[in-house]
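Colleague: I have a few questions about this model before I head back to the bench. Can you pull it up so we're both looking at it?

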Amino acid sequence: AAECLEIIKDKYQTETCYQLLANIYKETKGEEAYAKFLKDALKANPESQFALYSLIGYYIESKKMDEASKILDEAIEKDAKNPIFYYLKGTLSLESNDNEGAVANFEKAIANDPSFTDGYLGIGKCYFFKGKEIEDAADNIKDYKSRNAELEKAKAQYEKAATYFDKVHVQKPDNKENLRYLKNIYYRLRKDAEYDKIDAEMKAL
């Protein structure tokens, strides 16, 4: 494998070779060998997008958040304008229930590329999950006034989330994940007209 990669100089062919070999390692030698191959490939060719994103994906799926964060920090040092790196950092924060950290990283992604749809989607998720967390906790409050006060807080989070999901809807109206979130939010906010509109759009896809 190493000799194969040494011979190949063309960038496209090298990436293709990495992808083929990574799949072979994963299928025949297991996840650890797959990860080691990706690390070796990235060390040999720091410009390899396939090795970088695949390794980050492996760490996230394996719940090795510290390793994923380290790789991303190194990537950001080399390319501080790449919105994908900040989006992935935001995803790590969200996985760790750090909503504030997630929003901050998603905002950096958008700042580097205002058309980066996943950044808006990520922020929307942060506010949505926070709203649901507050709403779920409010179900256990017996005092009417206290419960309503918490539900209003949840509503405010849903309204914030809708703002970002609406931006995604403008950029990518056929994004099914975003449509599901919008439909859910409009249901929770009891916005029947908006709910019916999104429902019709989903059925038309």
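Colleague: Leaving aside neighbours within four places in sequence, which residues is Lys89 in contact with?

Modeller: Bear in mind that this is a predicted model, where local features need pLDDT of at least 70 and side-chain atom pairs count only at pLDDT 80 or more, while totals for chains, interfaces and linings use all residues. Residues are numbered from 1 along each chain as its sequence is written, and side-chain values use heavy atoms, with hydrogens and water left out. Lys89 sits in helix α6, helices being DSSP runs of H or I with at least four residues, numbered from the N terminus. Taking contact as heavy atoms within 4.5 Å, and skipping those sequence neighbours, the partners of Lys89 are Ser69, Leu72, Asp73, Ile76 and Asn105.

Colleague: It's a lysine, so does Lys89 count as buried or exposed?

Modeller: The cut-offs are under 20% relative accessible area for buried, over 50% for exposed, and partly exposed in between (1.4 Å probe, protein chains only). Lys89 comes out at 15% relative accessibility, so Lys89 counts as buried.

Colleague: Which residue's side chain is joined to that of Lys89 by a polar contact of 2.8 Å?

Modeller: A polar contact here is an N or O pair within 3.5 Å; within protein, one atom must be able to donate a hydrogen and the other to accept it, and residues adjacent in sequence count only if both are side-chain atoms. The partner is also among the residues that Lys89 touches beyond its sequence neighbours. At 2.8 Å, the side chain that pairs with Lys89 belongs to Asp73.

Colleague: Staying on α6, what does Ser93 touch, apart from neighbours within four places in sequence?

Modeller: Ser93 is another residue of helix α6. With 13% relative accessible area, Ser93 is buried. Sequence neighbours aside, its contacts are Asp98, Gly101, Ala102 and Asn105.

Colleague: How does α6 pack on α4: roughly parallel or roughly antiparallel?

Modeller: Helix α4 covers residues 49-61 and α6 covers residues 83-95; their axes are 12 Å apart, at an angle of about 5°. Those axes are lines fitted to C-alpha atoms over the stretch in contact, with angles between N-to-C directions running from 0 to 180 degrees. Under 35 degrees counts as roughly parallel, over 145 as roughly antiparallel, 65 to 115 as roughly perpendicular and the rest as oblique. That is why α4 and α6 are called roughly parallel.

Colleague: And how many nonpolar residues are in the contact of α4 with α6?

Modeller: From α4 you get Leu52, Tyr53, Ile56 and Ile60, and from α6 you get Ile84, Phe85, Leu88 and Leu92. Ala, Val, Leu, Ile, Met, Phe, Trp, Tyr, Cys and Pro count as nonpolar, Asp, Glu, Lys and Arg as charged, and the others, Gly among them, as polar. There are no polar and no charged residues in this contact, and the nonpolar count is eight.

Colleague: At the start of α4, which residue has a side-chain oxygen within 3.1 Å of the backbone nitrogen of Ala51?

Modeller: Ala51 is one of the buried residues of α4, along with Phe50 and Leu52 among others. The oxygen that reaches to within 3.1 Å of its backbone nitrogen comes from Ser48.

Colleague: What is phi of Lys63?

Modeller: Lys63 follows α4, in the loop that leads to α5 (65-78). Its 55% relative accessibility makes Lys63 exposed. Phi is positive in this non-glycine residue, near 65°.

Colleague: Arg190 has a positive phi too, so what is its value?

Modeller: Arg190 is in the loop between α10 (176-188) and α11 (192-204). Arg190 is exposed, at 72% relative accessible area. Although Arg190 is not a glycine, its phi is about 55°.

Colleague: Last one: which residues does Gln157 touch, not counting those up to four places away in sequence?

Modeller: Gln157 lies in helix α9 (residues 144-171). Its relative accessible area is 15%, so Gln157 is buried. Sequence neighbours aside, Gln157 touches Tyr127, Lys130, Gly131 and Ile134.

Methods: Helix = DSSP H or I, 4+ residues; strand = E, 2+ residues; numbered from the N terminus.
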